[in-house]
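Let's take a walk through this structure together, beginning at the ligand and moving outward from there. Have the 3D view ready to rotate as you read.

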Amino acid sequence: MTARIPVVVLAGYLGSGKTTLLNHLLRNDDGRRIGVLVNDFGSINVDAMNVAGQVDATVSLENGCLCCAVDAEGVDRMLEKLAHPGAPLDAIVIEASGIAEPAQLVRMVLSSQNPGIEFGGLVEVVDAAEFDDSRARHPELDDHVRLADLVVVNKIDRVDEAERDRVIGEVRELAEGAVLATERGRISPGILFDDPAIRDAGGARQLSFADLDDHDDDHGHHMHAVYESMEFTTDRPLNPTAFLAFLKERSRGVYRIKGPIDFGASGEGRCFQFHAVGVYAAFETTRWKGSRSTSLVLIGTDLDPSNLRARLESCIDPTPDAVDRMGVLNLARHLEDDGPSSNHPDKWDDEAG
Ligand SMILES: Nc1nc2c(ncn2[C@@H]2O[C@H](COP(=O)(O)OP(=O)(O)OP(=O)(O)O)[C@@H](O)[C@H]2O)c(=O)[nH]1
């Protein structure tokens, strides 16, 4: 009998580092063939764009939360696209949206009728720097940590040692599975894909329906009941100074912004992958894969889409061929370096912009 393909559910609050961890796994797959199902809450699947090219097979679902937008059969159909005999995979990772209900996703995988797959564990990514704020806003995140087979306390570079130890201690108190602390999701793929390794890392167990039944199944209480998203796309370059001013003044309800930005001549034609998580804002520069255009997804609560859209439209550069020197300098302060000793951007609020 051929071995079943383990399906790992990768969850974690908005911006905690799920895509970063997934990309790390894909780049360091040790020869494993990994299929990915990516779910983005916004209508532009930024996460799928960010993993494309490195993955053996991918299916994406945008504009909705996998845990309530599709039923178990829908998930089965998507898994079938990945787990078919013609494309043998060693593992499948479902990257949940940042506001998905992990228990629901795990339940869907456990109730799958597909004989070729099995549940491979729930991984919950926690942002060490946002831990207190996010659990204060969403106490249900404690349940997600409790349920996980492996909790990855990520972004430890963003907190000092004492804070890191405190957060890890609190996570350990909540978690019933293994806990690992990392920077940029750099965990060993073996930890995820070999059950014995997870067990060695701290005693994780495979979830059963009984574990999941203890968790609230009322969608009204789930995070996606209060979150909304909007997108902003334009083929015309944005002006960096205007965009940075927009960020500084954006309303508190906008928690997450992500997607590529074209800054025209000021950006030297590069693609600026933008990420805002809470008050943290960072750019990473890449090459454009297709035609240049800005495609941003904004996620938060109580959004005012027409106002946000009008303010973003006012960031469109009237002179895109001219270089905005001050804007370029300010952009540089928010550039992300992927290296271990990188100069990470400070909190947005601390900066004059
Ligand atoms: N400083 C720092 N930044 C990180 C780390 N891990 C991820 N990031 C950054 O955090 C931002 C969000 O990371 P993502 O991997 O996109 O987060 P996500 O959980 O997939 O986001 P959503 O899918 O929108 O919920 C990006 O700017 C990442 O580069 C880390 O360990 N340290």
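The paragraphs below cover the ligand shell, a helix and a sheet.

Keep in mind that this is a predicted model. Start at the ligand, which has 24 residues around it. Those that come nearest are Gly 17, Thr 19, Thr 20, Gly 98 and His 275. Three elements give two or more residues each to this shell: helix H1 (18–27), strand S9 (254–262) and strand S10 (271–277). Helix H1 gives the most, with three residues.

What is the chemical make-up of the shell around the ligand? Its residues divide into eleven polar, ten charged and three nonpolar. The shell also draws on both domains, with at least three residues from domain 1 (5–223) and at least three from domain 2 (227–350).

Two of the shell's contributors, S9 and S10, lead us on to a sheet. Five strands form this open sheet, in the order S8-S12-S9-S10-S11, with antiparallel pairing. Strand S8 (228–234) and strand S11 (280–286) stand at the edges; each has a single partner strand, so one side of each is left without a neighbour in the sheet. On average, neighbouring strands here are turned by 10° against each other, direction ignored. Look closer at S9 and S10, and you will find them paired in the antiparallel sense over seven bridges. Within this pairing, Gly 259 stands opposite Phe 274 in S10.

Finally, turn to helix H5 (residues 102–110). Is helix H5 mostly covered or mostly open? Helix H5 is mostly covered, with eight of its nine residues buried. Among them are Pro 102, Leu 105, Arg 107 and Met 108.

Key:
Residues are numbered from 1 along each chain as its sequence is written. This is a predicted model: local features need pLDDT of at least 70, side-chain atom pairs count only at pLDDT 80 or more; totals for chains, interfaces and linings use all residues. A residue is near a molecule or strand if its C-beta atom, placed from the backbone, lies within 6 Å of it. Helices (H or I, at least four residues) and strands (E, at least two) are DSSP runs, numbered from the N terminus. Ala, Val, Leu, Ile, Met, Phe, Trp, Tyr, Cys and Pro count as nonpolar, Asp, Glu, Lys and Arg as charged, and the others, Gly among them, as polar. Domain bounds come from an automatic or database domain assignment. A residue is buried if 20 or more other C-beta atoms lie within 10 Å of its own, exposed if 12 or fewer, and partly exposed in between; C-beta atoms are placed from the backbone. Two strands pair if DSSP finds at least two bridges between them. Axes are lines fitted to C-alpha atoms, for helices over the stretch in contact, and angles run from 0 to 180 degrees between N-to-C directions.
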